[in-house]
Amino acid sequence: MNTLRNKVQLIGNLGNDPEIINLESGKILAKFSIATNESYKNANGEKVTDTQWHNIVAWGKTAQIVEKYVGKGKEVAVEGKLTTRSWEDKDGIKRYTTEVVCNELLMLGK
């Protein structure tokens with residue numbers, strides 16, 4: 001059960017083309033966001049779609065696959081773990097973000 005402690009699985013569509021970053025160390029990083037949709041009926045019986053956006057980061061070979069084959073609108077399944085990091089912006093305000101660090105990617109659809 002230890003592998004379930006921090007595991008995320010999402011299926012969604014990319015909102016934009018991935019941002020590819022080649023670091024000085026030679027490592028490659030891909031950053032992108034995907035939208036997941038959940039539909040339900042409200043109290044009036046009307047269909048409502050709730051869209052959530054998730055920030056994804058991929059490293060190494062996974063990032064290379066993202067760079068070559070994944071683009072805006074593509075449907076993907078990602079598996080990874082949630083991480084939260086913080087930084088100070090230009091005004092000295094501490095900011096936080098939560099991302100999914102992708103360790104497995106599956107391309108879906110056409």
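A strand here is a DSSP run of E of at least two residues, with strands numbered from the N terminus. With that in mind, welcome to this predicted model. The protein chain holds one helix and six strands, and from the N terminus on its elements follow the order β-β-β-β-α-β-β. A good residue to start from is A58, which has its place in strand β4.

**The chain as a whole**

- Taken along the principal axes, the C-alpha atoms of the protein chain fill a box of roughly 55 × 40 × 35 Å.
- Of the 110 residues in the protein chain, 31% are buried.
- The protein chain exposes about 8,100 Å², and carbon and sulfur atoms supply 47% of that area.
- Take the contacts in the protein chain between residues at least 6 apart in sequence: 57% of them join residues at least 24 apart.

**A58 and its surroundings**

- Is A58 buried or exposed? Its relative accessibility is 0%, and the cut-off for a buried residue is under 20%, so A58 counts as buried.
- Setting aside residues up to four places away in sequence, A58 touches I28, L29, A30, A63 and C102.
- One of these partners, A63, is itself among the buried residues of helix α1.
- A58 and G26 are 32 residues apart in sequence, and their C-alpha atoms lie 15 Å apart in space.

**How the strands pair**

- Strands β3 and β4 pair in the antiparallel sense, over 13 bridges.
- Within β4, D50 is the bridge partner of E38.
- The hairpin of β3 and β4 has five residues between the strands, and in this hairpin G45 takes a positive phi near 80°.
- Strand β4 is also joined to β6: these two run parallel, with three bridges between them.
- I56 stands opposite V100, a residue of β6.
- As background, the side chains of a regular strand alternate between the two faces of the sheet.

**S33 in strand β3**

- S33 has its place in strand β3.
- With a relative accessibility of 19%, S33 falls under the 20% cut-off and therefore counts as buried.
- Leaving aside neighbours within four places in sequence, S33 is in contact with N13, L14, G15, W53, H54 and N55.

**The helix and its two sides**

- Which residues of α1 are buried? They are T62, A63 and V66.
- Seen down the axis of α1, these buried residues fall within an arc of 100°, so they line one face of the helix.
- That buried set packs against β2 (19-22), β3 (28-41), β4 (47-59) and β6.
- On the other side of α1, K61, K68 and Y69 are exposed.
- Y69 belongs to helix α1, which spans residues 60-69.

**A nonpolar patch on the surface**

- Y69 also takes part in a nonpolar patch on the surface, together with I65 and M107.
- The accessible area of I65, Y69 and M107 together is about 300 Å².

**Salt bridges**

- How many salt bridges does the model have? The count comes to two.
- In one of them, E99 pairs with R85, and the closest N and O atoms are 3.0 Å apart.
- E99 lies in strand β6 (residues 94-107) and R85 in strand β5 (residues 75-88), so this pair ties together parts that are 14 residues apart in sequence.
- E99 is buried, with a relative accessible area of 8%, whereas R85 counts as partly exposed at 38% relative accessibility.
- D89 forms a salt bridge with R95, with the closest N and O atoms 3.1 Å apart.
- D89 is buried, with a relative accessible area of 19%, while R95 counts as partly exposed at 39% relative accessibility.

**To take away**

- Strand β4 is a handy guide through this model: it pairs with β3 in the antiparallel sense, runs parallel to β6, and is one of the strands that the buried residues of α1 pack against.
- For a closer look at the helix, compare its buried residues T62, A63 and V66 with K61, K68 and Y69, which are exposed on the other side.

Methods:
Residues are numbered from 1 along each chain as its sequence is written. This is a predicted model: local features need pLDDT of at least 70, side-chain atom pairs count only at pLDDT 80 or more; totals for chains, interfaces and linings use all residues. Side-chain values use heavy atoms; hydrogens and water are left out. Patches are made of residues with over 30% relative accessible area and no salt bridge: like charges are joined within 9 Å, nonpolar side chains (Val, Leu, Ile, Met, Phe, Trp, Tyr) within 5 Å. Accessible areas come from the Shrake-Rupley method with a 1.4 Å probe; for residues, only the protein chains shown count as cover. A salt bridge is a side-chain nitrogen of Lys or Arg within 4 Å of a carboxyl oxygen of Asp or Glu. Helices (H or I, at least four residues) and strands (E, at least two) are DSSP runs, numbered from the N terminus. Buried means under 20% relative accessible area, exposed over 50%, partly exposed in between (1.4 Å probe, protein chains only). The arc is that of the directions from the helix axis to the C-beta atoms. Contact means heavy atoms within 4.5 Å. Two strands pair if DSSP finds at least two bridges between them.
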